[in-house]
Amino acid sequence: MLAKRVVTALVLLALILPTLFLLPPVAWAALTLVFVLVGVSEWLTISGHPRHAWPVAIVLALPGLAFLAWGGVLPARLEVAILALAVLFWLLIAPLWLARVRPGRAASLLGPLLLAACWIGLLRLREEGVLPLLAAMAIVWLADIGAYFVGKAVGRRKLAPRISPGKSIEGALGGMMLVIVAGLFAAAAPVMADTVMARLVASLGPWGAAGVLAFVVAFSIVGDLFESLIKRHAGVKDSGWILPGHGGVLDRIDALLPTIPLLALIHIWMAP
């Protein structure tokens, strides 16, 4: 299993990194659109609509392709509205569904919309530059790494035992601390001046930046738990099979779904 995970990760890096660094932004938009459409299919499948999964994804591909052909840029107010609505869902509705340990009836309908909002956030961050985009995604990766190792070492108290028994409060706090420490160090590097960490420190100071980064990590945990809730309700371990050793696309991007729209909004708010 570990070998499969490593090989799959290397293949993904070999696909993603050249797309980011060597090709124009539209290539990144097209690649991430493919991942989003697979995610839509997986979401609908585990939400109880397998027969509609790919037809809906294909239908959604049409406006996505038209959007790219149009230039891949939304009017500023529409972009902010879409990102803000997604953030409000993750802030207000998702925690309520997690508290009752059952997704709402609208979960299957909202999934494609939440994935679309994440895609728009990814495109917005790519407009800021490759490093701002990677820095935003690294917040989620570091939170996951910190939570895993701290949870394994000292995790005792369960974070959400009825949803994801493997997650601990200590692990969540460990991931949060790793992000804060790494983010503050990164903010001091001149090459990172356009990243969310540096902009937060410049605008709010180190303590304010630490608070916002902690909030972003909390958002990533909500996304992770929410996908676990949907899978648990469906009685499946993985969202799909397309990534050997990792499961499905949703299993890899669940924590990005809430954080990318939030970070894109933060970048818009702090734009010079």
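The side chains of D194 and R199 come together in a salt bridge, with 4.0 Å from N to O. That is a good place to start reading this structure, which is a predicted model. The two partners differ in their surroundings: D194 counts as partly exposed because its relative accessibility is 43%, while R199 counts as buried because its relative accessibility is 11%. Salt bridges that share partners place D194 and R199 in one network with E79, R124 and E128.

**The salt bridges**

Side chains of opposite charge can pair when their charged atoms come close. In this model, the count of salt bridges comes to nine. Here are some of them, with the N to O distance for each.

| Salt bridge | Distance, N to O |
|---|---|
| E79 and R124 | 3.3 Å |
| R124 and E128 | 2.7 Å |
| D194 and R199 | 4.0 Å |

Take E79 and R124, whose side chains meet at 3.3 Å. This pair links distant parts of the chain, for E79 belongs to helix α4 (residues 76–99) and R124 to helix α5 (residues 107–128), 45 residues apart. Both E79 and R124 are buried.

R124 also has a salt bridge to E128, at 2.7 Å. How far along helix α5 are R124 and E128 from each other? They are four residues apart, so about one helical turn separates them. Like R124, E128 is buried.

**A closer look at E79**

E79 sits in helix α4. Is E79 buried or exposed? Its relative accessible area is 9%, so E79 is buried, the cut-off being under 20%. Setting aside neighbours within four places in sequence, E79 touches L74, I120, R124 and I268. R124 therefore appears both in this contact list and as a salt-bridge partner of E79, as both fit the cut-offs for contact and for salt bridges.

**How α4 meets α8**

Two packed helices are described by the angle between their axes and the distance between the axes. For α4 and helix α8 (residues 196–234), the angle is about 50 degrees and the axes are 10 Å apart. That angle makes α4 oblique to α8. The crossing of α4 past α8 is left-handed.

Which residues meet here? From α4 come V87, F89, W90, L91, A94, W97 and L98, and from α8 come F215, F219, V222, G223, L225, F226 and L229. Sorted by class, this contact has 13 nonpolar residues, one polar residue and no charged residues.

**C118 in helix α5**

Another residue to find in helix α5 is C118. With 5% relative accessibility, C118 counts as buried. Beyond its neighbours within four places in sequence, C118 is in contact with L256, L257, I260 and P261. You can also compare its place with that of L20: the two are 98 residues apart in sequence, and their C-alpha atoms lie 17 Å apart in space.

**The loop between α4 and α5**

Finally, look for V101 in the loop between α4 and α5. Its phi angle is near 55 degrees, a positive value in a residue other than glycine. V101 is partly exposed, because its relative accessible area is 21% and buried residues have to be under 20%.

Notes:
Residues are numbered from 1 along each chain as its sequence is written. This is a predicted model: local features need pLDDT of at least 70, side-chain atom pairs count only at pLDDT 80 or more; totals for chains, interfaces and linings use all residues. Side-chain values use heavy atoms; hydrogens and water are left out. Helices (H or I, at least four residues) and strands (E, at least two) are DSSP runs, numbered from the N terminus. Buried means under 20% relative accessible area, exposed over 50%, partly exposed in between (1.4 Å probe, protein chains only). Contact means heavy atoms within 4.5 Å. Axes are lines fitted to C-alpha atoms, for helices over the stretch in contact, and angles run from 0 to 180 degrees between N-to-C directions. Angles under 35 degrees count as roughly parallel, over 145 as roughly antiparallel, 65 to 115 as roughly perpendicular and the rest as oblique. A crossing is left-handed if the near helix is turned anticlockwise from the far one by less than a right angle, and right-handed if clockwise. Ala, Val, Leu, Ile, Met, Phe, Trp, Tyr, Cys and Pro count as nonpolar, Asp, Glu, Lys and Arg as charged, and the others, Gly among them, as polar.
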